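This report describes cysteines, charged residues and surface patches in turn. Please consult the sequence and the structure while reading.

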Amino acid sequence: MHISFLLDFYGGVLADRTRDVLEMYYFDDMSLAEIADTVGITRQGVRGGIKKGEEELLFLEEKLGLAARYSAITESAKRLLSLAEDLKAETDPKQIKALLDEIVCCTDSVLAKEKED
């Protein structure tokens with residue numbers, strides 16, 4: 001799952017053949033033999049291409065961190081949306097203040113993380 005997520009982010013910078021092999025393996029659920037027949041190389045060559053592609057994706061994520069950043073922002077956005085929905089339904093002034101405080105805290109956290117990166 002992790003590699004396919006990284007492939008979505010960084011697939012465009014991989015060599016075409018490497019990207020194609022990874023997509024066939026991870027997205028199309030093809031076996032090494034099926035990929036080998038499609039691409040015209042050995043199963044060992046396919047396995048080597050998959051390993052090389054995985055290493056490249058992991059290296060890119062380690063250096064750039066775009067997928068992790070996207071995940072963190074998505075989770076924060078979901079939390080903010082949930083808090084906003086709770087706020088719309090709340091009538092108790094103390095609870096409204098608590099929800100607003102949490103929204104501010106969550107927003108500050110996202111902005112502080114962005115400054116760090």
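Is Asp 29 buried or exposed? Asp 29 is exposed, because its relative accessible area is 67%; buried means under 20% relative accessible area, exposed over 50%, and partly exposed in between (1.4 Å probe, protein chains only). The model is predicted, so local features need pLDDT of at least 70 and side-chain atom pairs count only at pLDDT 80 or more, whereas totals for chains, interfaces and linings use all residues. Residues are numbered from 1 along each chain as its sequence is written, and side-chain values use heavy atoms, with hydrogens and water left out.

**The loop at Asp 29 and the negative patch**

Asp 29 is found in the loop between helix 2 and helix 3. Helices are DSSP runs of H or I with at least four residues, numbered from the N terminus. The phi angle of Asp 29 is near 55°, a positive value in a residue other than glycine. Asp 29 also belongs to a surface patch of negative charge, together with Asp 28, Glu 34 and Asp 37. Patches are made of residues with over 30% relative accessible area and no salt bridge; like charges are joined within 9 Å, and nonpolar side chains (Val, Leu, Ile, Met, Phe, Trp, Tyr) within 5 Å. Asp and Glu count as negative and Lys and Arg as positive, while His and the chain ends are not counted. The place of a charge is taken as CG of Asp, CD of Glu, NZ of Lys or CZ of Arg. Within this patch, Asp 37 lies in helix 3, residues 32-39, and counts as exposed because its relative accessibility is 69%.

**Salt bridges**

A search of the whole structure finds 7 salt bridges, a salt bridge being a side-chain nitrogen of Lys or Arg within 4 Å of a carboxyl oxygen of Asp or Glu. Among them are the following.

| Pair | Closest N to O distance |
|---|---|
| Arg 19 and Asp 16 | 2.9 Å |
| Lys 88 and Glu 85 | 3.7 Å |
| Asp 101 and Lys 97 | 3.0 Å |

Arg 19 and Asp 16 both lie in helix 2 (residues 16-26), 3 residues apart, about one turn of the helix. Arg 19 counts as buried because its relative accessibility is 18%.

Lys 88 and Glu 85 are in helix 5 (residues 66-89); because they are 3 residues apart, about one helical turn separates them. Lys 88 is exposed, with a relative accessibility of 66%, whereas Glu 85 is partly exposed at 43%.

Asp 101 and Lys 97 are in helix 6 (residues 93-116); because they are 4 residues apart there, they too are separated by about one helical turn. Asp 101 is partly exposed, with a relative accessible area of 42%, and Lys 97 counts as partly exposed at 49%.

**Cysteines**

How many disulfides does the count come to? The count comes to 0 disulfides, a disulfide being a pair of cysteine sulfur atoms within 2.5 Å. Cys 105 is in no disulfide, and the nearest cysteine sulfur, that of Cys 106, is 7.3 Å away. Why is there no bond from the sulfur of Cys 106 to that of Cys 105? The separation of 7.3 Å is too far for a bond, and Cys 105 holds the closest cysteine sulfur to that of Cys 106. Cys 105 is exposed, with a relative accessible area of 53%, whereas Cys 106 counts as buried at 14% relative accessibility. Cys 106 is placed in helix 6. Cys 106 and Ala 77 are 29 residues apart in sequence, and their C-alpha atoms are 9.1 Å apart in space.

**Nonpolar surface and a buried alanine**

Phe 9, Leu 64, Leu 66 and Tyr 70 make a nonpolar surface patch of about 360 Å². Accessible areas come from the Shrake-Rupley method with a 1.4 Å probe, and for residues only the protein chains shown count as cover. Phe 9 lies in helix 1, residues 2-10, and is partly exposed because its relative accessible area is 31%.

Ala 67 is found in helix 5 and is buried, with a relative accessible area of 2%. Between Ala 67 and Phe 5 the separation is 62 residues in sequence and 7.6 Å in space, C-alpha to C-alpha.

Notes: Helices (H or I, at least four residues) and strands (E, at least two) are DSSP runs, numbered from the N terminus.
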